[in-house]
Amino acid sequence: MALQTTGYTSNSPLHYLLDAGAIYTNVTYDELTGDFTGSLLGATSGGNEFSLAQETRVIEVDGLKGAGMGNTVIDSESPELVVNLKELTAQNLALAIAGGQVDTSDTHYDIITTKGKIELTDYLDNVAFVGRISGSSDPIVIVIDNALSVEGLSISTEDKSETVVPVRFRGHYGADNVELGSAPFRIYMPKIAVTP
């Protein structure tokens with residue numbers, strides 16, 4: 001078979017990531033049923049963005065004039081999910097602030113403040129993007145473990161528009177995965193039947 005000049009095949013339309021998706025917190029996956037459960041964070045606007053930053057290093061060897069295959073190692077991995085929140089609740093705003101808390105004792109207002117420190121209880125078990133792949137009825141789910149907002153809170157307003165608050169959640173290594181060396185994220189990609 002000759003090489004094609006386009007990447008498009010009859011299977012291509014089955015593998016498109018569609019639309020902006022939804023954001024959930026504290027997602028669990030049942031391996032027996034294949035079902036996910038979690039808490040919906042709220043409406044977003046302008047899409048959401050997952051990234052995995054990797055810092056690599058080449059091990060240098062005398063006499064080797066460039067990077068040797070097998071001599072590149074990963075020094076660090078940092079998964080992040082940027083969520084553009086449009087639905088603002090006291091709880092959502094507090095999540096956008098590392099160490100944020102909500103005082104509900106007032107009869108008229110929920111009062112959002114910070115503790116001035118980050119405690120282990122401030123980390124979410126996880127934050128997850130849930131989206132659609134064109135060729136599957138099952139969702140694609142990107143989970144970031146031990147999630148914490150890392151950029152604080154910024155609220156911008158303007159006339160004839162609704163506010164969108166960007167929140168950058170970063171995954172953090174926990175005691176259970178430090179030795180394993182795997183970054184604190186998972187991508188659940190649905191299996192799709194393709195034609196050969």
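**Exercise 1. The surroundings of Ser149**

The backbone oxygen of A96 lies 2.8 Å from a polar atom of the side chain of S149. In this predicted model, determine in which strand S149 has its place, whether S149 is buried or exposed, and with which residues S149 is in contact once neighbours within four places in sequence are left aside.

*Solution.*
Step 1. The strand that holds S149 is β8.
Step 2. The relative accessible area of S149 is 3%. Buried means under 20%, so S149 is buried.
Step 3. With neighbours within four places in sequence left aside, the contacts of S149 include L95, A96, I97 and A98. V167, R168 and F169 are also in contact with S149.

**Exercise 2. The largest nonpolar core**

State how many residues the largest nonpolar core has, which elements give two or more residues to this core, and which residues V127 is in contact with beyond four places in sequence.

*Solution.*
Step 1. The core has 18 residues. Those with the most contacts inside the core are I23, L81, V83, V127 and F169.
Step 2. Two or more residues of this core come from each of β4 (72–85), β7 (124–133), β8 and β9 (165–170).
Step 3. Neighbours within four places in sequence being left aside, V127 is in contact with I23, Y24, T25 and L81, among others. I142, V143, I144, A147 and F169 complete the list for V127.

**Exercise 3. Two pockets**

Describe the largest pocket by its volume, its lining and the classes of its lining residues; then describe the second largest pocket by its volume, its lining and its classes.

*Solution.*
Step 1. The space in the largest pocket amounts to about 220 Å³. This pocket is lined by 14 residues, of which A94, L95, G100, D122 and L124 are the closest to its centre. Two elements, α1 (90–95) and β8 (139–149), give two or more residues to the lining.
Step 2. Sorted by class, the lining of the largest pocket has 8 nonpolar, 5 polar and 1 charged residues.
Step 3. For the second largest pocket the volume is about 180 Å³. Y29, G34, F36, D138, P139, Y188, M189, P190 and K191 form its lining.
Step 4. The lining of the second largest pocket divides into 6 nonpolar, 1 polar and 2 charged residues.

**Exercise 4. Positive phi in strand β1**

For D19 and N26, give the phi value; then classify D19 and N26 by accessibility.

*Solution.*
Step 1. Most residues other than glycine have a negative phi.
Step 2. D19 lies in strand β1 and has a positive phi near 65°. N26 is also placed in strand β1, and its phi is positive at about 50° although N26 is not a glycine.
Step 3. D19 has a relative accessibility of 61% and therefore counts as exposed. N26, at 33%, is partly exposed.

**Exercise 5. Separation in sequence and in space**

State how far apart D62 and E77 are, and how far apart T9 and T195 are, in sequence and in space.

*Solution.*
Step 1. D62 is found in the loop between β3 (44–58) and β4. Its relative accessibility is 81%, so D62 counts as exposed.
Step 2. D62 and E77 stand 15 residues apart in sequence, and their C-alpha atoms are 28 Å apart.
Step 3. T9 belongs to the segment before β1 (17–30) and is partly exposed at 34% relative accessibility.
Step 4. T9 and T195 are 186 residues apart along the chain, with 9.9 Å between their C-alpha atoms.

Definitions and conventions:
Residues numbered from 1 in each chain as written. Predicted model: local features only at pLDDT ≥ 70, side-chain atom pairs only at ≥ 80, totals over all residues. Heavy atoms only, no water. 1 Å grid on protein atoms, 1.4 Å probe; cavity = no way out; pocket = protein on both sides within 12 Å on 5 of 7 lines; lining within 4 Å. Points joined across faces, edges and corners; volume = space filled by probe spheres on them. Helix = DSSP H or I, 4+ residues; strand = E, 2+ residues; numbered from the N terminus. Nonpolar A, V, L, I, M, F, W, Y, C, P; charged D, E, K, R; others polar. Core = buried A, V, L, I, M, F, W, Y, C linked by side-chain atoms within 4.5 Å. Buried < 20%, exposed > 50% of the residue type's maximum accessible area, 1.4 Å probe, protein only. Contact = heavy atoms within 4.5 Å. Polar contact = N/O pair within 3.5 Å; in protein donor to acceptor, adjacent residues only side chain to side chain.
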